[in-house]
Amino acid sequence: MSAEATKHARLLLLKEYRGVLSTHSQAMPGFPFGSVVPYCLDAAGCPLLLISRIAQHTRNLMADRRCSLLVGERGPEDVQAAGRLTLLAEARPLDSEAAIEAAARRYYRYFPESRDYHRAHDFDFWTLQPVRWRFIGGFGAIHWLDQVALGNPFAGEGDREGGMLEHMNADHTAAIAHYVQQAGLPASEPAQMVGIDSEGFHLRIGQAIHWLAFPEPCTNPGAVRQALVSMARA
């Protein structure tokens, strides 16, 4: 049950791209302060945030790094029957140039509009380092989990992910359009593939992010290619 719950929790984290960040209020000590933030996952599979230095939640984190991120299944008819995941974490700002550059490459693909305000304003990248996870998969399906994040074998050093994405977006637009159609996703705007991990890939359509699963987990670029070809022929 724990392994199954862990899998469902991670899939929820992958499928969503925004959540409620709760920090310890400095203006109102003793009260939690919640704010909505977009996120993508870093090479370690942990939430990556880009937040302003003048934002209230950033000021709170500078004083107390302990926080939580609540991620809920989007569009449920019954919110209490839907999946939701709470990550209890310690927030850490990225300070090395290499780490910031790697984070920027990945984050900009998911949220291209962030490129402008990151450069023009005082925004910094932070990661949420997991302490514990609380996953609710519906009525009665409640679990405390110690390990949900899964490292991405294609992100990070060498950025193999970037090369695969560039190839797909430049040379296989028809295949991407087929993935959109097969998944029943909106086709009002062309989709861009913005992320690949061992379990699936992310598409950006307009400002929305969608995650599609591979038929089987992939641990190397050859396996990714086979999975994408198989899905294009389905």
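**A buried arginine, a three-stranded sheet and two crossing helices**

Let me begin with R109, which is found in helix α3, the helix made of residues 97-110. Please keep in mind throughout that what we are looking at is a predicted model.

Is R109 buried or exposed? With a relative accessible area of 18%, R109 counts as buried, because the cut-off for that word is under 20%. The next thing to ask is what the side chain of R109 meets, and here the model shows a polar contact with the side chain of E161, at 2.8 Å. If we set aside the residues up to four places away in sequence, R109 touches D159, E161, G162, L165, V194 and R204.

That takes us to the partner, E161, which is found in helix α5. E161 also counts as buried, because its relative accessibility is 0%. Besides meeting R109, the side chain of E161 reaches the backbone nitrogen of I196, again at a distance of 2.8 Å. When its neighbours within four places in sequence are left aside, E161 is in contact with R106, R109, N152, F154, A155, V194, G195 and I196.

Now to the sheet. Three strands form an open sheet, and their order is β9-β10-β11, with antiparallel pairing. Which strands stand at the edges? They are β9, residues 191-196, and β11, residues 208-213, and each has a single partner strand, so one side of each is left without a neighbour in the sheet. On average, and ignoring direction, neighbouring strands of this sheet are turned by 30 degrees against each other.

Let us go through the pairings one at a time, starting with β9 and strand β10, residues 200-205, which run antiparallel and are joined by five bridges. Within that pairing, A191 stands opposite I205 of β10, and the two strands form a hairpin with three residues between them. On the other side, β10 and β11 also run antiparallel, and there six bridges join them. I205 appears here as well, since its bridge partner in β11 is A208. The hairpin of β10 and β11 has two residues between the strands, and in this hairpin G206 takes a positive phi near 65 degrees.

How many residues of β10 are buried? Six of its six residues are, and the strand is therefore described as mostly covered. To see how they are arranged, it helps to remember that in a regular strand the side chains alternate between the two faces of the sheet. In β10 both faces are covered, with G200, H202 and R204 buried on one side and F201, L203 and I205 buried on the other. You may recall R204 from the beginning, as one of the residues that R109 touches.

Next I would like to turn to a pair of helices, α5, residues 160-171, and α6, residues 173-183, whose axes come within 5 Å and cross at roughly 90 degrees. Because of that crossing angle, α5 is described as roughly perpendicular to α6. Where they meet, M168, N169 and D171 in α5 are in contact with T173, I176 and Y179 in α6. Sorted by class, the contact of α5 with α6 has three nonpolar, two polar and one charged residues.

Which residues of α6 are buried? They are A175, I176, H178, Y179 and V180. As background, an α-helix has 3.6 residues a turn, so residues three or four places apart point the same way. What covers the buried residues of α6 includes α5, the strands β9, β10 and β11, and helix α7, residues 221-233. Just after α6 comes G184, which takes a positive phi of about 70 degrees.

Before I stop, let me go to two other places in the chain. V131 lies in strand β7, residues 123-136, and, apart from its neighbours within four places in sequence, V131 is in contact with L87, L88, A89 and E90. From C-alpha to C-alpha, V131 and L11 are 19 Å apart in space, while 120 residues separate them in sequence.

The other place is P32, which lies in strand β2, residues 32-38. P32 is exposed, because its relative accessible area of 66% is over 50%. Between P32 and F125 there are 22 Å in space, C-alpha to C-alpha, and the two are 93 residues apart in sequence.

To close where we started, the contact I would look at again in the model is the one between the side chains of R109 and E161, at 2.8 Å.

Notes: Residues are numbered from 1 along each chain as its sequence is written. This is a predicted model: local features need pLDDT of at least 70, side-chain atom pairs count only at pLDDT 80 or more; totals for chains, interfaces and linings use all residues. Side-chain values use heavy atoms; hydrogens and water are left out. Helices (H or I, at least four residues) and strands (E, at least two) are DSSP runs, numbered from the N terminus. Buried means under 20% relative accessible area, exposed over 50%, partly exposed in between (1.4 Å probe, protein chains only). A polar contact is a pair of N or O atoms within 3.5 Å; within protein, one must be able to donate a hydrogen and the other to accept it, and residues adjacent in sequence count only if both atoms are side-chain atoms. Contact means heavy atoms within 4.5 Å. Two strands pair if DSSP finds at least two bridges between them. Axes are lines fitted to C-alpha atoms, for helices over the stretch in contact, and angles run from 0 to 180 degrees between N-to-C directions. Angles under 35 degrees count as roughly parallel, over 145 as roughly antiparallel, 65 to 115 as roughly perpendicular and the rest as oblique. Ala, Val, Leu, Ile, Met, Phe, Trp, Tyr, Cys and Pro count as nonpolar, Asp, Glu, Lys and Arg as charged, and the others, Gly among them, as polar.
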